[in-house]
Amino acid sequence: MLRVLAASGLSDGSMQGVFEESIRGWPPKEESGEIIRSQIVLDHDRNQRILFFGWSSELKAMHIEFILRYCDKSHGYVELGAGSGWLAFLIKDRGVKIDAYDSMEGDTFVQNWTKQPWFKHVKKGSFEVRMSLR
C-alpha cells in the first residue's frame, strides 16, 4: 500500500491526510515541508517497530546474545526507558533477571504498548529508579 501511495502522485496534502487517518505514522518531510516520497516505506517500517516493540531498530538474536555475553549479569539488569518491554522480554526469555521501567509519559505509543503481551512486566519509573539503586 505504501509503495503505491509513494508512486501515485497524490498531493502532499492528501498524502498527509491518508497518514493521519489510516497509517498511524507520519510521512517524512524535508525542511521545506515537502514529503520525501522515497523514505515513506522505510519510515513506516520504523514507526511500526516503535508501535509494537518500542524500538526503532530491529533487535535480533545476535544483539541479545552480545548483551548477555559482554555485560555482567550476576545481579541481573535494569532497563530504563523500556518502552513496550520488548528488550526485557527477550532477555528474560533467556533466563536472566531484568527489571524494566518506563516513564509512560505521553500517549504517542504508550497506549499500544500496554496491549502487547511483553508489556506486563514493565513498571512505571524513570531516572529516580537509577538513583535508588546506589
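**Notes on the strands, the ring cluster and the cavity**

1. Let's start with one residue pair: Asp-102 sits opposite Lys-124 in strand β3. Keep in mind as you look around that this is a predicted model. The strands behind that pair, β2 and β3, run parallel to each other and are joined over three bridges.

2. On to the other partner of β2. Strand β1 (residues 77-80) also pairs with β2 in the parallel sense, this time over four bridges. If you want a spot to click on, take Tyr-77, whose bridge partner in β2 is Ile-98. To get from β1 to β2 the chain passes through α5, and this β-α-β crossover is right-handed.

3. Is β2 enclosed or open? Strand β2 covers residues 98-102, and four of those five residues are buried, so the rest of the structure largely encloses the strand.

4. Now the aromatics. Searching the whole structure turns up four aromatic pairs. One of them is Phe-89 with Trp-118, a tilted pair with 6.0 Å from centre to centre and 50 degrees between the planes. This pair ties together distant parts of the chain: Phe-89 belongs to helix α5 (residues 86-93), while Trp-118 lies in the loop between α6 (110-113) and β3 (122-124), 29 residues apart. Trp-86 comes into the picture too, as ring pairs link Trp-86, Phe-89 and Trp-118 into a cluster.

5. How exposed are the two rings' residues, Phe-89 and Trp-118? Phe-89 has a relative accessible area of 35%, so this residue is partly exposed. Trp-118 comes in at 13% relative accessibility and therefore counts as buried, the cut-off being under 20%.

6. There is some empty space to look at as well. The structure has one cavity of 30 Å³ or more, and the largest cavity holds about 50 Å³ of space. Its lining is made up of Gly-85, Ala-88, Phe-89, Lys-92, Ile-98, Ala-100, Trp-118, His-121 and Val-122. Two elements, α5 and β2, each give two or more residues to that lining.

7. Which element gives the largest share of the lining of the largest cavity? That would be α5, with three residues. By type, the lining residues split into six nonpolar, two polar and one charged.

8. A last look, to pull things together. Phe-89 and Trp-118 form the tilted pair, and both residues also appear in the lining of the largest cavity. Ile-98, the bridge partner of Tyr-77, is another of the lining residues.

Methods. Residues are numbered from 1 along each chain as its sequence is written. This is a predicted model: local features need pLDDT of at least 70, side-chain atom pairs count only at pLDDT 80 or more; totals for chains, interfaces and linings use all residues. Side-chain values use heavy atoms; hydrogens and water are left out. Rings of Phe, Tyr and Trp (its six-membered ring) pair if their centres lie within 6.5 Å; planes under 30 degrees apart count as stacked, over 60 as edge-to-face and the rest as tilted. Buried means under 20% relative accessible area, exposed over 50%, partly exposed in between (1.4 Å probe, protein chains only). Two strands pair if DSSP finds at least two bridges between them. A crossover is right-handed if, with the strands pointing away from the viewer, the path from the first strand over the helix to the second runs clockwise. On a 1 Å grid over the protein atoms alone, a cavity is a set of points where a 1.4 Å probe fits but cannot get out, and a pocket is an open set with protein on both sides within 12 Å along at least five of seven lines; lining residues have an atom within 4 Å of a point. Grid points are joined across faces, edges and corners, and a volume is the space filled by probe spheres set on the points. Ala, Val, Leu, Ile, Met, Phe, Trp, Tyr, Cys and Pro count as nonpolar, Asp, Glu, Lys and Arg as charged, and the others, Gly among them, as polar.
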